[in-house]
Amino acid sequence: MKNVLFSFMLLSVLPVIAQDSIMELPVKKVRAIKSTRFTTLMESRNAYQFDGDKFQKAEFLVKPELEIPFTKNFRFKALGRVYAEFLDNLEPKEPNQEEVSEYSKRFIAGDLFEAELREFYFDWKIKKHYLTVGKQQIVWGKADGLKILDVVNPTNMREFLLDDFDNSRIPLWSVKTDLNLKIAKLQLLWIPDQTYHDIPGAKAAFFPIAFFPAPPEGLRIVQTPLVKPDRVIEDADAGARLSAFIKGWDVTLNYLYAYDDFPVAQVNVNSDSTGPYLIITPLYKRYHLTGGTFTNSFGKFAVRGEVGVFLDKTFSSSDPAARDGLFKSNQVMGVLGFDYSGISNSLISFQVFEDHVFSDTEIMGRSQSETYASLLLNRNFKNETITAEVIGVQNINRGDGFVRPRVKYQVLSNLNLALGGDVFYGDEKGLFGQFVKRTRVTFNIQWGL
Amino acid sequence: MKNIKFPILAALLLLLIVSSAFKKPSSLPSGDEIVKNVNSRDEGKHLVQQFSMELIDKGGKTQTRDTKAYRKDFSDQRKTIVVYLNPTTVKGTAFMSYDYFSAKEDDQWLYLPALRKTRRISASNRGDYFLGTDFTYEDIKLGTKLSATDYKRSSIKEEAIDGHKCYLVESVPVSEKIGKELGYSKVHQWIDAEIWIVRKAQYWDVGGNLLKTTTAQDIKKVQGIWTIHGLNAFNHKSNHKTNLKFSGADYVSDVSDDLFSEESLERGVN
C-alpha cells in the first residue's frame, strides 16, 4: 500500500520537480525536461440495467499520465488512475484483492473510491535493443474481444470482458527486453509479480457464476483461503516472443511459463463427528503456453490468426472420480479473423474461435470444445467525428452471446460522447448467458486535458 | 467560285485560330517530363517533422490534432509513420506504411492505444480519407511526389500561382478501376516550374463533379531542401476544410531503421 501512495506522490510531484530543475541542468537535459508531457484523461461511464429498472454503474475515472524523456535513449513513464463507482455495484464494499500482490494492490478509500498506479517504468535504448523495467502492460496476440495469447497480464473482471482491455488489464511489475536481431525481434519477459485475475465477490453485478457452480446440495463445504504463490524468484512468470516481418506476413512465435490466472478448486474429503465434509482449496497452477500469430493483407482483406497450446494445464473437474477434483490436460485455442474494408470508411470483421481441451474428463463450467464466432461492423461518418459500431459474439455450442451496439460522437477535439448497449442472451450457464440479467444501455463521456 | 472559296478560307482561318489557341506552347514540357522532374526532386533520404491539423466542418467547428511524422527511403520502398501527440483522447494512435517502389501492394498498420494492439489494414483503400482529414491515404502516401503509373498526364498551359510560374497538368486515371480506387476522375495540378512542387491542385470525383481543392503554402528551403510548411484542402461537396501546418522539418538527424516496426508503434514513437 505504501508503494502505491509513494508512487502517486511521485507522479504528482515529478512534473514540478522537472520544471523547477530546469535552471540547474545542462542544455541537453533542459531540452529533455522541456519535452516532459503531462496529460490527463477523465471519463464518466454510466450504465442502466433493464432487469430491476435501475442504474447498474456510475463510474468516474481520472487518468493522469506523465512521460519524461530524460535523454533520446532513456525515458520514464507513469500512469495513474483514480476511480470511483458511486453505486458500489461492480465491486461491493471494499474489494479484498486477495489475488493481487502487495506491490500491485489498489489503494482503496472506503466503498466507493480507489487509486491505482497503472504504470511506472523506465525504458532504455541500448544500441539497437530496449530494456523496460517497472510496472507495465505487455500485450500479445491478434484476436479481438477474446484472449488467447493476451494472458501475460491478468484481468480485473469487475465488468467481465466488457471493459476496454486497456482498463481491465492489470499491469505487472516486470522486466522486458526487446532485442533487435538481424531478421527478427526477440522479446524476453520476467515477471516476478504474483498477481492474478481480480475476480469480484459473489454479490457483484458481474460475478462469473458460471465459472464457480454451486456444489451438490446436502454436502457440507469448508472453503479455505486462496493459496497464492508468493516466492519472488521461483514463482515468477517468464516468456519469450520472436517476431518478424517475412514476405508481407507479420508472424510471431510465443512461449510463456506462467501460473494460470484463474484459480482451480482442489477438493478434499474429511470427516468429523457430524459426518463427512468437503474442503475446497482455491489455488493456482502453472502451465506452459506455446503459440503464435500471423497477419497479412490481400487487396481489400486482412487476415489474422492466433493459436495457443497450453501444456499441462490444470482444470477443475465436476467428475467425482477426479482426484482432488483436479486433472491435467493440454488445451488448444485458436482464432482466425478476416477484416474487409472494401466499403468506404467501413470495416467488417469476422472471427471464429475454437477452444478444445484434449482430456475427455468432465470440466467444471465448460464443455470439452467451445466454438465462438464474432462479427464487427464499423463505419465512420462526418470526417470520423461520428463512429457507429456493432459487435456480436456468440458461443456456437450453447447459443449464448452478446451484442454491443455503440455510437461515438467527437464533440470537440478533446471531448467524446458515446451511447451504446450490452445485450446478453442465451443459456444462463454459458459464458455470456450468465449475464442475461445484466443487459444494459451505456452512456460515456471522455474528456482529455 | 468566289462564293465557294470564301467560306472554305474562312473556315480554315477559324480552324487555325482555334487550334493555335488550344495548342500548347512548344516550350511546354510533357506531362511525363513534369512527373519525372517532380519525382526526382531532392526530398532527403529521411525526414522528421511535426504537423498540426485543423479540421473545420461546414458550420465552422474546428477540431485540432498534433502529430509527428517520420519518413525514410530505402532501396526498394519508403517507410512512413504518423503518430498522434494531441489531443489526449487519441494520443498514441499511429499509422505506419511501407510503400513499395515496385507494383507490389503496400503494407499498412494502425496502432490503436485503446486496444494496445496494432491492426494490419488493407492498403487497397487508397481513396479513403486519412483519419478524418480531406486528404486520402494515397495523398498522404505520395506526399509531394506524383504517381507515375496511375494517371495519363498532359500539360495544358503555363499559369502563375501566387506569382510563381507553374505548369498546369491534367491527370486522368489510366482506367475506370483505378479511378474508383483513387476516388478521382480527373486532377488538375499547378506545378512550380522551378522547384517542381505542386502549388495547387483540383480534384474531380468519379461522377465528374469538382471534389476538392488543395493549396500548398509557405514553401521555403530547410537544410537545403524545398519544404512545404502549409497545406490546405477544401472539400467542395461537404464544405469541410483541412489545414495542415508543418514545423520542425529535420532532414539531417538520423532516423533509425528499427523505428518502422510494430514493436516500435506499441512501445510509443516519440
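A:Leu336 lies in strand β16 of chain A. With a relative accessibility of 36%, A:Leu336 counts as partly exposed, because the partly exposed class lies between the buried limit of 20% and the exposed limit of 50%. The model described here is predicted.

**A nonpolar surface patch on chain A**

A:Leu336 belongs to a nonpolar patch on the surface, together with A:Trp249, A:Phe294, A:Phe298, A:Phe301, A:Phe338, A:Phe350, A:Val352, A:Leu375 and A:Leu377. The accessible area of these residues together is about 830 Å². At least two residues of the patch come from each of β14 (286–298), β16 (326–340), β17 (346–357) and β18 (369–381) of chain A.

**Strand β15 and the loop that follows**

A:Lys313 is placed in strand β15 of chain A, which spans residues 301–316. Its relative accessibility is 11%, so A:Lys313 counts as buried. The side chain of A:Lys313 makes a polar contact of 2.8 Å with the side chain of A:Gln331. Beyond its neighbours within four places in sequence, A:Lys313 is in contact with A:Gln331 and also with A:Asp260, A:Tyr287, A:Phe327, A:Lys328 and A:Ser329.

A:Asp319 sits in the loop between β15 and β16 of chain A. This residue is partly exposed, at a relative accessible area of 28%. Residues up to four places away in sequence aside, A:Asp319 touches A:Thr361 and A:Glu362. A:Thr361 is 42 residues from A:Asp319 in sequence, while their C-alpha atoms are 7.1 Å apart in space.

**Strands β19 to β21 of chain A**

Strand β19 (residues 386–395) pairs with strand β20 (residues 401–412) in the antiparallel sense over 9 bridges, both strands being in chain A. Within this pairing, A:Ala388 stands opposite A:Val407 of β20(A). The hairpin of β19(A) and β20(A) has 5 residues between the strands, and A:Gly399 there takes a positive phi near 85 degrees.

On to the next strand, β20(A) is joined by 9 bridges to β21(A) (residues 415–425), and the two run antiparallel. A:Gln410 faces A:Asn416 of β21(A). The hairpin that β20(A) and β21(A) form has 2 residues between them.

**Loops of chain B**

B:Pro87 and B:Thr88 both fall in the loop between β3 and β4 of chain B. These strands cover residues 77–86 and 94–100. The peptide bond joining B:Asn86 and B:Pro87 is cis, with omega about -5 degrees. B:Thr88 counts as buried at 10% relative accessibility. Not counting residues up to four places away in sequence, B:Thr88 touches residues of chain A, namely A:Thr39, A:Thr40, A:Leu41, A:Asn414, A:Gly448 and A:Leu449.

Two further loop residues of chain B are listed below.

| Residue | Loop in chain B | Phi | Relative accessible area |
|---|---|---|---|
| B:Arg116 | between β5 (107–112) and β6 (117–121) | near 55 degrees | 17% |
| B:Leu131 | between β6 and α3 (137–142) | near 45 degrees | 13% |

For B:Arg116, phi is positive although the residue is other than glycine. A positive phi in a residue other than glycine is likewise found at B:Leu131. B:Arg116 is buried, because its relative accessible area of 17% falls under the 20% limit. B:Leu131 is buried as well, its relative accessible area being 13%.

Notes. Residues are numbered from 1 along each chain as its sequence is written. Chains are lettered from A and ligands numbered from 1 in the order in which they are written. This is a predicted model: local features need pLDDT of at least 70, side-chain atom pairs count only at pLDDT 80 or more; totals for chains, interfaces and linings use all residues. Side-chain values use heavy atoms; hydrogens and water are left out. Two strands pair if DSSP finds at least two bridges between them. Helices (H or I, at least four residues) and strands (E, at least two) are DSSP runs, numbered from the N terminus. Buried means under 20% relative accessible area, exposed over 50%, partly exposed in between (1.4 Å probe, protein chains only). A polar contact is a pair of N or O atoms within 3.5 Å; within protein, one must be able to donate a hydrogen and the other to accept it, and residues adjacent in sequence count only if both atoms are side-chain atoms. Contact means heavy atoms within 4.5 Å. Patches are made of residues with over 30% relative accessible area and no salt bridge: like charges are joined within 9 Å, nonpolar side chains (Val, Leu, Ile, Met, Phe, Trp, Tyr) within 5 Å. Accessible areas come from the Shrake-Rupley method with a 1.4 Å probe; for residues, only the protein chains shown count as cover. A salt bridge is a side-chain nitrogen of Lys or Arg within 4 Å of a carboxyl oxygen of Asp or Glu.
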